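Colleague: Got a minute to walk me through this one? I'm new to reading structures, so keep it plain.

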Amino acid sequence: MKAPENEEGSTMKLLIDGLAMPESARWYDGRLWFCNWTQQQVVAIDADGKPEFRDVPVENLMGWSIDWTPDGRLLTTGDKLRRYEPDGSVTVLADQHANELVVDAHGNIYLDGADFDFAGGEAPTPGWIKRVTPDGAIREVADGIEFPNGMVLTPDGRTLVIAESFAGRLTAFDVQPNGDLTNRRVYAGNLGPDGICLDAEGAIWSQTGSEGVVRVADGGEILQRIDLPENRAPFSLTLVDFDGPTLCILTSEWHLQDTIANNLARLRGPARTGQIHTVPVAVPPAAG
């Protein structure tokens, strides 16, 4: 099969394969980091594709994410919010299950999640965003989120955008000095967003809901599109600097004509269909 090309003619390259289910992509300390779901691993990888694996004690096999505090301590979600200390110990910051997270410059953590068993086939209920302060205080700052997924904060910390997967949209909020989220509005619709990323021009890379990803501006204008091979779904995206701005697309085998239950069962199985693809792009990641 010929490698797909983006609209500017750059060929997509395979960075690594043989993964379980790569998720929660992050660009940190000069490497691409991600979660290897079902394997309870955090993985860091260089531009040459050489991985470094780290086991983490999350109890969720699927549905957890990573980020870092401003002073460089790793955070994981899942069954609880955990922080990994320099001495190797693990601190439980909040006894709160969550999916995605994002951290502001002051160390406040925004978590998202929903209170139903998606993997078990339970009927969906609207989700939430909660804010955890550095001292561990937690409170809800948004509700009614239709399957909350990836989140980004603008570099000035004044805007938060969340992927509402079941609603097919990106939703933006103003972030108030006290951490409240106000002025809820649609950033872009007609998508299938999951793990998203922000670039230096304020555009967001998002999934389309099929076998592709797009770069979309505030208001919904599609600026660029990249198609993926058949049965290859993108679950997370991030921008890195691998000898220039590069989009990393984390994918797993997913059959659009199949049921969610059957697809999830395949991902939990022994096959290792996870792959990470890279595509050169023009605009670098937003400043961290």
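**Strands, salt bridges and a cavity**

Modeller: Sure. Let's start with a strand pair: β11 (residues 109-113) and β12 (residues 127-132) run antiparallel and are joined over 5 bridges. Keep in mind that this is a predicted model.

Colleague: Okay, which residue of β12 does D112 stand opposite?

Modeller: D112 faces I129 in β12.

Colleague: And what holds strands together in general?

Modeller: Strands of a sheet pair through backbone hydrogen bonds, in either a parallel or an antiparallel way.

Colleague: What order do the strands have in the open sheet of 4 strands?

Modeller: The order is β10-β11-β12-β13, and the pairing is antiparallel. The edges are β10 (101-103) and β13 (138-145), each of which pairs on one side only. From one strand to the next, the twist averages 20°.

Colleague: New topic. How many salt bridges does the count come to?

Modeller: The count comes to 15 salt bridges. One of them is between R26 and E100, where the closest N and O atoms are 3.2 Å apart. That pair links distant parts of the chain: R26 sits in strand β2 and E100 in the loop between β9 (90-94) and β10, 74 residues apart.

Colleague: Why would two side chains like that pair up at all?

Modeller: Side chains of opposite charge can pair when their charged atoms come close.

Colleague: Is R26 buried or exposed? And what about E100, buried or exposed?

Modeller: R26 has a relative accessible area of 14%, so it counts as buried. E100 is buried too, because its relative accessible area is 3%. The cut-off for buried is under 20%.

Colleague: Got another salt bridge for me?

Modeller: Try E85 and R73, whose side chains meet at 2.9 Å, N to O. E85 is in the loop between β8 (81-84) and β9, while R73 is in the loop between β6 (66-68) and β7 (74-76), and the two are 12 residues apart. E85 is at 13% relative accessibility, so E85 is buried. R73 is at 22%, so R73 counts as partly exposed.

Colleague: Any more?

Modeller: D258 and R266 also meet in a salt bridge, at 3.0 Å from N to O. D258 is partly exposed because its relative accessibility is 25%, and R266 is partly exposed because its relative accessible area is 24%.

Colleague: Which residues are joined into one network by salt bridges that share partners?

Modeller: Those are D71, R73, R83 and E85.

Colleague: Switching again: what's the phi of S24?

Modeller: Phi of S24 is near 50°, a positive value in a residue other than glycine. S24 is in strand β2 (residues 21-28). Its relative accessibility is 0%, so S24 counts as buried.

Colleague: And N183, what's its phi?

Modeller: N183 has a positive phi of about 55°, and N183 is not a glycine. It lies in strand β17 (residues 181-188). With a relative accessible area of 46%, N183 is partly exposed.

Colleague: Last thing: how many cavities of 30 Å³ or more does the count come to?

Modeller: The count comes to 1 cavity. The largest cavity has a volume of about 30 Å³.

Colleague: Which residues line the largest cavity?

Modeller: The lining is R26, E100, G150, M151, G195, I196 and S236. That divides into 2 nonpolar, 3 polar and 2 charged residues. You've met R26 and E100 already, as partners in a salt bridge.

Notes. Residues numbered from 1 in each chain as written. Predicted model: local features only at pLDDT ≥ 70, side-chain atom pairs only at ≥ 80, totals over all residues. Heavy atoms only, no water. 1 Å grid on protein atoms, 1.4 Å probe; cavity = no way out; pocket = protein on both sides within 12 Å on 5 of 7 lines; lining within 4 Å. Points joined across faces, edges and corners; volume = space filled by probe spheres on them. Nonpolar A, V, L, I, M, F, W, Y, C, P; charged D, E, K, R; others polar. Pairing = 2+ DSSP bridges. Axes fitted to C-alpha atoms, helices over the stretch in contact; angles between N-to-C directions. Buried < 20%, exposed > 50% of the residue type's maximum accessible area, 1.4 Å probe, protein only. Salt bridge = Lys/Arg side-chain N within 4 Å of Asp/Glu carboxyl O.
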